[in-house]
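Let's walk through this structure with a few questions and answers. Have a look at it first, and then we'll start with one small residue.

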Amino acid sequence: MDFILSLFTGTGMASVLVYLCITAFVGVAIGKLSFNGLKLGIAGVLFVGLLLGHLKGADAPLDATILGFAKEFGLILFVYCIGVEVGPRFFSAFKDEGIKMNVLACALVLMGLGIAFAIKMSVGDGISSSSMTGIMCGAVTNTPSLGAAQAALKDVAMDANVSESLRSAAASSVKDSGMAYAVAYPFGVLGLIAAIILIRFIFRVNIEKETEDYKAELSGDSGKLESVQITITNQNLFGRKISFLKDFVDSELAISRIYRNGTFFVPNDDDELLNGDVIYGVSSSEHLDRLRAQIGTVEIGQKREVDGDLAMIDVLVTNRNIAGKTIKQVGIYRRYEAQVTRIFHDGREILPTLTSTFELGDTVRIVGKKALLPDVQKEIGNSVRELSRPNAIPIFLGIFLGVLLGSVPIAAPGLPVAAKLGLAGGPLIVAILLGYKGRIGKLDFYMTSGANFILREIGIILFFAGVGLSSGPGFADAVSSGGVAWLLYGAAITFVPVMVIGIVARLMKMNYLKITGMLAGSMTDPSVLDYANSLAPVQAQSTAYATVYPLTMFLRILVAQILVLTTL
């Protein structure tokens, strides 16, 4: 039994692994417990780590180097997976109402920084820079910003160009930020939910009306794809080949089949258009006027079942040989009596054109002859097993590039050392760009949602466990000496910006459901998004959350470093 006891009393690799595992499974289990609909979520790992670290004591602490590696690598995995996930829609978020949402989210972030800076300046030596930064990170429930701040402190501690006293202060205060984060975190969740409820009360919001308004707005979305049937009346098209029509309206219409003389058929490029032909296909409402002027009478939504010797199927793109190639390059429509009518990519419906690309994980809708569709399926892939095969090269290449970018020093006046994007910001930016790009040459950066989720969860668990176990030995003393004040500081950083921005957004006539998602995204808090989603069964909250999340995450990583370095 002595060897078991040594695992709990030792400090080496085996002991660290034991404590990390216990912290992980107990913390995740506690995080699943619901208290009046609220859960700690993955943050339960942090609090279990603090408890175990405290029980372990400062006399025989776990190996700091091993804990540090687990924490930093976990953070890198977490932010990289987030970046790959949000990358495809990152730049599209800066369109239309997305611009307004991101401006409000940025204002919220900067307001929180201003409050934290003001508190630090007014209190002075009453609170350390690292503690104030940890409070700010916990108050906005943003884990990567805490990691970035701690990395900045470590850089100061190892920089021979700064004074000995400054290096010593930085080295000794890394743990303080983790403890302060844990103190401020609970109200970061509760305060945001309280603000959302209070805004609803102030403006007497009717959830049912907001839901109906959102649905009405969504139904008028010009980008929504519609099934259309077009009766050809333009005599200039009679006798023209299908290839001519495709080139003519390629970006406005995806042709699925043609109705002629009582039967449907899938046209090939050499088929000619005749008087009386009715084209069935897919378009969006913004293109209908152009289609009427150039082709003929357009009817919307007259869906007709694909029958006879034709059929419609959805196929998952899993063939890596066609990934990244355009519809024209693959040439399904040239070799089969089949047409691509829709592409489903990253939760969006895309109108296919000849230059649209097949990407791994996309689902494409095909209309064609029943007898030929199995061959089309085989060529595109449709193998979940193939898609689930791990592709580790892009992940480690992306992390490598992210670490390089995060290590580039950024000189700024007033800072004791050059700022860096760090191990949080660098991988995040690279992952966003790679996720947006999708591929470079033959190297694709696609990651299945399941693989992304498990890597992200493992990453954040390792980070929280590392922070909790390393900060636990001094947590009780820190809370007893400044816990109440820390809690109040965190409450101000949480509540004031959220209330101000929420009220401003409502005065700007923004839908309340969108406001709740925007506020949750501005605080990068998925648990509050769960609460917001429970208000109404629509996508307004999740869409708004995803719209502001990437830019907010990046800004929070930067402002945490700015605060800790300018006030050190």
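Q: This is a predicted model, so let's begin simply: which helix does Gly134 lie in?
A: Look along the chain for the run that covers residues 129-139. Position 134 falls in that run, and the helix is α6.

Q: Is Gly134 buried or exposed?
A: To count as buried, a residue needs under 20% relative accessible area. Gly134 has a relative accessible area of 0%, so it is buried.

Q: Which residues does Gly134 touch, not counting residues up to four places away in sequence?
A: Leaving out those sequence neighbours matters here, as the list then shows contacts from further along the chain. Ala149 is 15 residues away along the chain, and its C-alpha atom is separated from that of Gly134 by 8.1 Å. The residues that Gly134 touches are Leu146, Ser177, Ala180 and Tyr181.

Q: How many residues of helix α21 are buried?
A: Helix α21 spans residues 512-522 and is mostly covered. Its buried residues include Tyr512, Lys514, Thr516 and Met518. The count is 11 of 11.

Q: At the start of α21, which residue has a side-chain oxygen that reaches to the backbone nitrogen of Leu513?
A: The two atoms come within 2.8 Å of each other, and a polar contact needs a pair of N or O atoms within 3.5 Å. The oxygen belongs to the side chain of Asn511.

Q: Which residues have the most contacts inside the largest nonpolar core?
A: In soluble globular proteins, nonpolar side chains tend to be buried together. The largest nonpolar core here has 101 residues, and helix α23 (residues 540-566) gives the most to it, with 14 residues. Those with the most contacts inside the core are Ile493, Met518 and Leu519.

Q: How many residues are in the other core, which lies apart from that one?
A: You can pick it out by finding Ile322, Tyr336, Val364 and Val376, which are among its members. This core has 20 residues.

Q: At roughly what angle do the axes of helix α4 and helix α19 cross?
A: Two packed helices are described by the angle between their axes and the distance between the axes. For α4 (residues 64-86) and α19 (residues 449-471), the axes come within 7 Å, and the crossing is left-handed. The angle is roughly 145°.

Q: By class, how many nonpolar residues does the contact of α4 with α19 have?
A: Leu67 and Phe78 of α4 are among the residues making the contact, as are Leu455 and Phe463 of α19. Five polar and three charged residues also take part. The nonpolar residues number 14.

Key:
Residues numbered from 1 in each chain as written. Predicted model: local features only at pLDDT ≥ 70, side-chain atom pairs only at ≥ 80, totals over all residues. Heavy atoms only, no water. Axes fitted to C-alpha atoms, helices over the stretch in contact; angles between N-to-C directions. Helix = DSSP H or I, 4+ residues; strand = E, 2+ residues; numbered from the N terminus. Left-handed = near helix turned anticlockwise from the far one by under 90°. Contact = heavy atoms within 4.5 Å. Nonpolar A, V, L, I, M, F, W, Y, C, P; charged D, E, K, R; others polar. Buried < 20%, exposed > 50% of the residue type's maximum accessible area, 1.4 Å probe, protein only. Polar contact = N/O pair within 3.5 Å; in protein donor to acceptor, adjacent residues only side chain to side chain. Core = buried A, V, L, I, M, F, W, Y, C linked by side-chain atoms within 4.5 Å.
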